[in-house]
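Hi there,

Here is the structure I promised to pass along. Have a look at it first, and my notes follow underneath.

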Amino acid sequence: MSVNVVLVAVVGTLFAVGVYLLLERSLTRVVLGLLLISNGVNVLFLIASGGAGQPPIVGSSAPERMSDPLPQALVLTAIVITLGVTAFLLAMAYRSWQLHEHDEVQDDVEDALIRRRAERDEASSSYDDSAGGTLDERGADPAGESTQDSRDGDGAPIGPEGETP
Amino acid sequence: MMAVLIAAHLAAAALAPLLAGRLRSRVFLVLAVVPATAFAWLAARGGTVAGPDARSITQSTAWVDSLGMQLSFRLGTLSWVMALLVTGIGALVLVYSAYYFRPDETGLGRFSGLLTGFAGTMLGLVLADDLLLLYVFWELTTVFSYLLIGHNPDRRANRRAAMQALIVTTFGGLAMLVGVVIVGQAAGTYSISGVLADPPAGTAVSVAVVLLLVGAVSKSALVPFHFWLPAAMAAPTPVSAYLHAAAMVKAGVYVVALFAPALAGVLPWRPLLLTVGVATMLLGAWRALRQHDLKLLLAFGTVSQLGFLVVVLGVGTRSAALAGVAMLVAHALFKAALFLVVGIVDHGAGTRDLRLLSGLRRRMPVAFWAAVLAAASMAGVPPLAGFVAKESIVKAFVDVARTGDGTGIPPVAGWTVLVGLVAGSALTVAYSARFVWGAFATKPGVSEPAGIHSPPVGFAAAPALLALGGLALGFLGSAETPALAPYAEHYPEGVHHASLGLWHGLNLALVLSAVSLAAGAVMYWQRHAVARAQRGLRVGYEAEHGFRRTLRVVDRVAVEVTGATQRGSLPVYLVVIFVVVITVPGTALLMAGVGSVDLYGWDNPAQLAVGGVLVAAAILTARSGRRLKAVLLAGVTGYGMALLFMMHGAPDLALTQVLVETVTLAVFVLVLRSLPPRFSERPLTSTRWGRLGIGALVGALMAGFALVASAARTADPVSETFAERAEAEGRGHNVVNVILVDIRAWDTMGEISVLVVAATGVASLVFLITGRTGRWRPDEAIGSALDSHASSHPDGGRPSWLRAGGTLPPDRRSIVFEVVTRLAFHIIVVFSVYLLFSGHNMPGGGFAAGLVAGLALMMRYLAGGRHELNDAAPVDAGLVLGVGLFVATGTGLVPLAVGGAVLQSAVVDLSVPLLGHVHFTTSLFFDVGVYLVVVGLMLDVLRSLGSGVDRHGDESAENGRDEADEQHAQQERLGETR
């Protein structure tokens with residue numbers, strides 16, 4: 001099959017720039033990167049659907065000269081969905097700005113916590129290490145011992161933001 | 001019938017919560033009918049499946065054919081005995097529970113349902129004749145046990161005990177599953193009777209034996225997995241009596257007894273079971289001797305007895321098998337009775353600590369005598385069932401020690417096992433005596449617990465019946481022997497003819513029984529010395545420590561692995577993904593080469609110009625430091641795309657792309673007005689070259705991919721016939737639109753669902769808690785907004801082109817824009833409706849039409865502010881989205897009602913008065929749904945990122961003003977005081 005070089009060059013550029021922007025931390029840039037990559041994918045569809053042709057409208061052009069309509073239908077919905085996704089990401093960027101006064105993607109706090117535990121050679125926060133506690137030789141089940149304490153292992157308690165007081 | 005009985009249990013379990021709401025604790029009495037009925041049915045089958053001419057009753061239904069798995073059940077002698085125990089004791093425990101729980105106890109529905117459900121699955125386990133079915137029931141009992149141990153999840157110890165039991169038994173269960181699969185594959189059948197009839201052999205089977213035994217050992221709480229059983233005593237006493245003494249923990253013993261005739265000869269069956277069993281018997285009994293909690297004393301006793309049973313049923317001789325089954329029955333009777341007595345004591349005296357109990361013998365005579373009978377049976381005192389069984393066991397093991405009795409066990413090992421069993425029996429005698437003494441004796445220096453009350457008749461009935469059963473069975477040895485014989489006859493005749501009875505003459509077995517009774521009595525008499533010895537001998541290491549250490553290691557490994565791989569940074573993850581994309585498919589691409597592709601420059605010289613602009617705009621986007629500039633440049637690429645679509649012969653795409661790009665730009669601008677104009681400078685420059693490299697490589701890869709994919713294409717496109725079909729079937733000329741609403745309408749269905757989700761996501765991010773729903777009264781809202789403005793801006797109230805135009809501050813109003821909006825809005829809306837209806841034959845359709853309508857709304861918003869938007873569309877965006885999805889789905893479903901396929905379309909020709917002839921296809925309604933969804937999305941976006949952001953801005957501005965006012969006032973006050 002023959003391939004349109006201009007379109008191939010456009011695909012390459014859109015992907016290259018899109019990926020470059022996607023690797024940034026500013027959500028606005030990430031969204032722009034995503035937009036460019038989406039455009040690149042849509043051009044890829046054009047390439048895959050073969051050469052240009054007449055609009056696929058019965059009556060106004062002959063069927064054998066029509067451009068392939070199926071990729072067009074796929075791209076059409078892709079365009080609209082990209083709009084929805086862009087709006088959603090922008091709402092996230094706005095929310096992030098509202099909360100933190102910036103729109104940058106932060107490192108996950110939970111993951112940082114786990115990493116800190118790994119560095120300190122600690123067990124996970126859900127790990128229950130309180131020894132004993134079985135009924136062994138301690139007599140029965142004294143009423144009122146409904147302890148629901150959630151002590152956080154031994155080490156220093158770690159706050160929700162990963163800070164250690 | 002067997003399947004019906006099991007199903008009846010499960011159905012009763014499902015109904016239990018409903019019944020419990022009305023009957024309170026009496027629900028147990030109703031539920032007890034089910035296992036009692038099953039018991040009666042089983043008892044009536046005794047003549048068939050037990051005794052001299054025994055034959056099994058079988059039943060089978062195909063279940064999972066591809067696995068060869070069947071719902072097959074088989075009632076043989078061993079299953080019959082087990083099933084009688086499960087249903088009989090189950091019924092008694094349920095009756096007992098009706099008295100054990102207060103009528104106002106919480107969680108009765110859950111508890112009674114679980115207990116009955118457990119009875120059903122346990123019955124299924126002992127009746128199953130399919131290895132996989134056996135495993136299913138096996139794991140179900142584990143789950144029920146977990147839920148029942150955790151009956152009161154408020155206590156931390158209970159939660160931990162339940163979890164520990166679950167982990168240990170599931171671990172064993174999984175090992176068993178592997179063993180089961182190996183056995184099934186080696187034997188070529190998963191039918192248990194098939195495996196028993198033709199046992200497989202070989203190395204694989206040896207491995208399978210070990211795995212099966214790991215399952216059995218963990219379930220029956222043998223060393224080194226014994227620790228979960230004492231911890232499981234956190235469960236209510238009926239559960240301890242039933243699951244953790246009579247039924248579930250016997251599952252492991254049952255599996256050993258079931259497979260011993262076929263697999264006892266396979267190494268390492270005997271060495272493993274005899275070692276583990278004897279060690280467990282001694283350890284459990286030794287630890288039972290030092291417990292103060294009566295329940296724990298019994299729990300360790302159970303551990304000990306389970307070890308004992310596994311030795312006897314696992315050794316694989318005829319006389320041991322017969323004696324073992326007798327012991328199984330005796331143990332179930334006496335241990336369940338003893339646990340139930342503990343429950344009565346606990347209830348009556350308020351404690352189970354034997355150091356605090358005193359004088360209960362006189363207060364609870366029935367419970368006392370039941371306990372004495374049961375404990376005597378446990379100790380092996382004649383003439384009780386325990387003695388009969390134990391006597392025969394000792395006799396069988398004397399044979400094994402002397403001659404091997406066909407097992408090939410060397411004399412040294414045989415004598416060691418025998419000594420172990422006798423020593424264990426002596427310890428059993430000692431802790432049995434300690435139990436009766438501890439629970440009921442009048443102890444000097446211990447005052448009677450206050451408020452002891454004797455149990456009602458029904459409460460004490462269950463243990464009394466069980467204890468009497470143990471007494472009766474002692475005299476029924478001559479009847480029991482032939483009944484159980486069919487199971488023992490799986491083994492060849494041994495050195496002596498096996499039989500159960502009270503008197504076998506004066507022989508070594510009797511002497512050893514007497515020795516163990518005497519030794520136990522001495523130990524009880526010298527209990528203080530024994531206690532001192534125990535303290536001296538205490539070992540620092542317990543199996544539970546090993547369990548906890550294992551868990552900790554697993555947890556630590558998980559933390560380390562997570563910490564090392566889960567960096568929590570989006571760029572890092574993306575880099576990993578892209579590097580994989582570059583290295584793996586990229587290498588493949590390089591290796592394969594591009595193949596033969598005809599390259600040509602362009603379809604149309606204009607493509608080159610547009611492509612050049614696109615490339616330049618994209619590169620400038622990345623270089624831009626200002627947000628707005630970057631967005632505009634990205635917009636240039638979007639409009640460039642529209643031109644490319646146009647030149648490709650895709651007018652629908654071009655139209656949609658232009659509309660979407662416009663909307664996207666507007667939305668960006670709406671959001672960017674609250675963000676700083678420049679991107680923040682981050683110290684990312686060091687990584688810039690890396691990112692650039694990755695980007696360039698991915699771009700090159702995708703370009704290469706475009707070439708390779710085109711070169712690889714050989715088949716004709718599926719869409720070749722779409723043009724004809726669009727006209728013939730879809731009755732439309734615009735092929736793309738027919739594809740969307742008809743040929744591939746399922747795809748569109750999914751896509752509009754995504755849009756609904758995205759729209760809802762946008763709204764929920766901006767409006768968080770305050771609902772966007774509400775009463776839409778634009779008139780009032782505009783009125784009050786105008787009033788407030790009128791007060792601050794004297795000219796705000798003058799008539800204007802847009803009703804809400806006056807609500808904007810004067811410096812943000814544009815009279816030209818307002819006029820244009822006023823004139824154009826309705827025209828644009830009509831145009832959008834036209835696009836919608838004509839889309840089937842010409843470029844347009846629901847997506848484009850919805851976007852046009854959305855742009856009209858956006859115009860109103862930009863010209864007149866959020867009140868103007870509400871005036872233009874006084875509906876909730878969620879409602880529009882919902883109606884759209886409903887219309888689309890409804891159009892899809894209607895054909896079903898008239899016998900068509902989902903989303904099938906039809907042509908409708910109507911003659912309407914005034915309008916004349918109307919012709920349309922039903923897929924138009926689907927497109928209307930799409931239209932509404934897109935309008936809803938636009939409305940949601942405008943309300944959220946437009947109106948919502950406005951309001952946040954107003955609020956923060958107001959707060960700021962308030963603060964400034966306050967500061968001002970404060971300064972004035974300060975000035976005055978000065």
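Please keep in mind that this is a predicted model. I spent most of my time on the place where the two chains meet: 108 residues of chain A and 136 residues of chain B take part in the contact. Together the chains bury about 11,000 Å² there, with carbon and sulfur atoms giving 67% of that area.

On the polar side, 28 residue pairs are in polar contact between chain A and chain B, counting pairs with both residues at pLDDT 80 or more. As for which parts of chain A are involved, strand S1 (2–4) and the helices H1 (5–22), H2 (27–48), H3 (69–100) and H4 (109–119) each supply at least two residues to the side that touches chain B. H3(A) gives the largest share, with 23 residues. Sorted by class, that side of chain A holds 58 nonpolar, 29 polar and 21 charged residues.

There are two salt bridges between the chains. One of them joins the side chains of A:Asp121 and B:Arg556, at 3.1 Å from N to O.

The chains also share some strand pairing. S1(A) runs parallel to strand S3 of chain B (residues 598–600), and three bridges link the two. Within this pairing, A:Ser2 sits opposite B:Asp598 of S3(B).

Finally, a word on chain B itself. Chain B is split into domain 1 (288–536), domain 2 (542–590) and domain 3 (719–962). The centres of domain 1 and domain 2 of chain B, taken over C-alpha atoms, lie 53 Å apart.

Happy to go through any of this with you.

Best wishes

Notes
Residues are numbered from 1 along each chain as its sequence is written. Chains are lettered from A and ligands numbered from 1 in the order in which they are written. This is a predicted model: local features need pLDDT of at least 70, side-chain atom pairs count only at pLDDT 80 or more; totals for chains, interfaces and linings use all residues. Side-chain values use heavy atoms; hydrogens and water are left out. Domain bounds come from an automatic or database domain assignment. Contact means heavy atoms within 4.5 Å. Buried area is the accessible area (1.4 Å probe) that two parts lose on being put together, summed over both. A salt bridge is a side-chain nitrogen of Lys or Arg within 4 Å of a carboxyl oxygen of Asp or Glu. A polar contact is a pair of N or O atoms within 3.5 Å; within protein, one must be able to donate a hydrogen and the other to accept it, and residues adjacent in sequence count only if both atoms are side-chain atoms. Helices (H or I, at least four residues) and strands (E, at least two) are DSSP runs, numbered from the N terminus. Ala, Val, Leu, Ile, Met, Phe, Trp, Tyr, Cys and Pro count as nonpolar, Asp, Glu, Lys and Arg as charged, and the others, Gly among them, as polar. Two strands pair if DSSP finds at least two bridges between them.
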